[in-house]
Amino acid sequence: ARITPGWEQRFNEVQELRQKLIPLDARHEAGEELSLEEEIERASLWGQIGRDPAQVLELWQQLLQRAPDNARVCLALGSRLLELQDDSACALLARAAQLEEHFQLLVYRNLRDYYRVRQDDVNAQIWQEKLSVRAELEQNAEDERSRIQPGDQFEPHGLPEPQLAALLQQLKQHETIRHVWLVRKTVQYLPHQPCYLLGFSCSSMLTLHTDGRANAVIEALQRQVQFPEGTVIFCVDGDNAHFSKKMDKVAGSKLF
């Protein structure tokens, strides 16, 4: 009785994963060449549903031969080899972190723990230092992006036209929104990762601003609109009205 709910949830999850895997396996067995992304998804699904670990490992090794510079492949294979206490995992994981910075915290933490278990204090300290530096950098970047202040500098958003058009189409479905601005915040930490600010107004002569109404709109937008990664949504009515004037000065900021 105690384990049944968890077991049922896991059972249902595996069934859903199997349904995703069936067409990929069928196409592979029919001799069709899958794209790299499809092969990665297939190998990932194999691992998630509990296929023979040796077969899963072999599948990732084949993918590494096909795409030696793919960060997801390096991470997946490296993680499995690390579980087997295989030292070749270290170079693969380091490569994954080099190729994709979003993997760095995970990789640095895993390599630190790996060397700690092996009582290799020198290498454990090396990866601990890398982990500390990266964690501090990401925390600073998160703090910088978590607040909007009058002294912040704004610049054009720079979104490609197709992505901007898709965003506009979604936003215009929300009739309560009367005006929308989109800019990019100038940031000090990780500046290559955009921080977009989407300001909206929903007040009018007949509809006064309230924090509750603004928060309800924000929640609805977060649920229903697909925003670019790194987008902060806020209302420019009430005490935030000065932000709309500031964003107006940025070229191409007013979407509608």
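Here is a short briefing on the fold and overall form of this chain. The model is a predicted one, so please read every value below as computed from it. The chain holds 10 helices and four strands, and the four strands come together as an open sheet.

**Overall form**
- Following the sequence, you meet the elements in the pattern α-α-α-α-α-α-α-β-α-β-β-α-β-α.
- The radius of gyration is 24 Å, well over the 18 Å that the globule rule gives for 256 residues, so the chain is more spread out than a compact globule.
- Measuring tape in mind, the C-alpha trace spans about 65 × 45 × 45 Å along its principal axes.

**The sheet and its helix**
- The strand order is 1-2-3-4, with mixed pairing.
- Strand 1 (154-156) and strand 4 (231-235) are the edge strands, and each pairs on one side only.
- From one strand to the next, the twist averages 40°.
- Strand 3 (residues 196-201) runs parallel to strand 4, and five bridges join the two.
- Within this pair, Phe200 stands opposite Cys235 of strand 4.
- Helix 9 (residues 211-224) packs on the sheet, where it touches strand 3 and strand 4; the direction of helix 9 makes about 150° with that of strand 4.

**Burial, contacts and surface**
- Of the 256 residues in the chain, 38% are buried.
- Among contacts with a separation of 6 or more, 61% are between residues 24 or more positions apart.
- The accessible surface comes to about 15,300 Å², and carbon and sulfur atoms account for 49% of that surface.

How values were computed: Residues are numbered from 1 along each chain as its sequence is written. This is a predicted model: local features need pLDDT of at least 70, side-chain atom pairs count only at pLDDT 80 or more; totals for chains, interfaces and linings use all residues. Side-chain values use heavy atoms; hydrogens and water are left out. Two strands pair if DSSP finds at least two bridges between them. Axes are lines fitted to C-alpha atoms, for helices over the stretch in contact, and angles run from 0 to 180 degrees between N-to-C directions. Contact means heavy atoms within 4.5 Å. The radius of gyration is taken over C-alpha atoms; the globule rule is 2.2 Å times the number of residues to the power 0.38. Buried means under 20% relative accessible area, exposed over 50%, partly exposed in between (1.4 Å probe, protein chains only). Accessible areas come from the Shrake-Rupley method with a 1.4 Å probe; for residues, only the protein chains shown count as cover.
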